[in-house]
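Open the model in a viewer and keep the sequence panel visible. The stops below are given in the order in which to select them.

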Amino acid sequence: MIVLNKIFIYPIKALAGVEVGQVKITSGGTLMNDRRWAMLDDSGRLINGKNNKAVFALKPIFDLVNEQVGFSNEKGEIEQFSLSHTAKLEAYLSEQLGKPIVLREDDHQGFPDDLSAYGPTLIATNSLKE
């Protein structure tokens, strides 16, 4: 018998994910809120850790019920941002990543890595051990 032990979604593509107890599948065939938002540079290219190492320093704290994301500041306080009204979040991300950032949303399919074979990815415990 196969048992699903953990479910992780990555609300903002390229940032750390969040574990959820359950998740709906969208009409587009993806997990709800998984890679729903993506960071793009001023030429429309996706921002990720491969092309901007500063991404790895960002540690998001998601409140998906209220569509918010927070980040700890140098004082240990959480700066909250709306995922619905993204101007302040875009300014914050632009400052942190050292370049202008635009946040785009796709709540139907999200921004999967593989456009022809997207959807939930299951990984077996044995695969992780290998």
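A residue counts as buried under 20% relative accessible area, as exposed over 50%, and as partly exposed in between, with a 1.4 Å probe and protein chains only. The areas come from the Shrake-Rupley method with a 1.4 Å probe, and for residues only the protein chains shown count as cover. This is a predicted model, in which local features need pLDDT of at least 70 and side-chain atom pairs count only at pLDDT 80 or more, while totals for chains, interfaces and linings use all residues. Residues are numbered from 1 along each chain as its sequence is written, and side-chain values use heavy atoms, with hydrogens and water left out.

**Stop 1: the negative patch**

Select glutamate 77. Its relative accessible area is 44%, so glutamate 77 falls in the partly exposed class. Glutamate 77 sits in the loop between E5 and strand E6 (78-82). Strands (E) are DSSP runs of at least two residues and helices (H or I) of at least four, numbered from the N terminus.

Now add Glu74, Glu79 and Glu95 to the selection: together with Glu77 they form a negative surface patch. Patch members have over 30% relative accessible area and no salt bridge; like charges are joined within 9 Å, and nonpolar side chains (Val, Leu, Ile, Met, Phe, Trp, Tyr) within 5 Å. Asp and Glu count as negative and Lys and Arg as positive, with His and the chain ends not counted. For distances, a charge is placed at CD of Glu, CG of Asp, NZ of Lys or CZ of Arg.

**Stop 2: arginine 35 and aspartate 34**

Go to the loop between strand E2 (18-20) and strand E3 (37-40), where arginine 35 is found. What is the sign of phi at arginine 35? Arginine 35 has a positive phi of about 55 degrees, although it is not a glycine. Most residues other than glycine have a negative phi.

Show the side chain of aspartate 34 as well. Aspartate 34 and arginine 35 meet in a salt bridge, with N to O at 2.8 Å. The term stands for a side-chain nitrogen of Lys or Arg within 4 Å of a carboxyl oxygen of Asp or Glu. Aspartate 34 has a relative accessible area of 15% and is buried, whereas arginine 35, at 23%, is partly exposed. The structure holds four salt bridges.

**Stop 3: arginine 36 and its partners**

Move on to arginine 36, in the loop between E2 and E3. Is arginine 36 buried or exposed? With 11% relative accessibility, arginine 36 counts as buried. Display its contacts, meaning heavy atoms within 4.5 Å. Leaving aside neighbours within four places in sequence, the residues that arginine 36 contacts include Tyr10, Pro11, Arg104, Asp106, Gly110 and Phe111.

Select glutamate 67 next. The closest N and O atoms of its salt bridge with arginine 36 are 3.1 Å apart. Glutamate 67 lies in the loop between E4 and E5 and arginine 36 in the loop between E2 and E3, so this pair ties together parts 31 residues apart in sequence. Glutamate 67 also has a positive phi, of about 50 degrees, without being a glycine. At 22% relative accessibility, glutamate 67 is partly exposed.

Then add glutamate 105, whose side chain meets that of arginine 36 in a salt bridge (2.6 Å, N to O). Here glutamate 105 in strand E7 is linked to arginine 36 in the loop between E2 and E3, 69 residues apart. Glutamate 105 is partly exposed at 43% relative accessible area. Salt bridges with shared partners join Arg36, Glu67 and Glu105 into one network.

**Stop 4: valine 102**

Stay on strand E7 (residues 102-105) and select valine 102. Valine 102 is partly exposed, at 26% relative accessibility. Beyond four places in sequence, valine 102 is in contact with Ala38, Met39, Leu40 and Glu90. Draw a C-alpha distance from valine 102 to leucine 46: the two lie 56 residues apart along the chain and are separated by 9.6 Å.

**Stop 5: asparagine 52**

Finish in the loop between E3 and E4, the place of asparagine 52. Asparagine 52 counts as buried, at 9% relative accessibility. Which residues does asparagine 52 touch, not counting those up to four places away in sequence? They are Ile47, Leu97 and Lys99.
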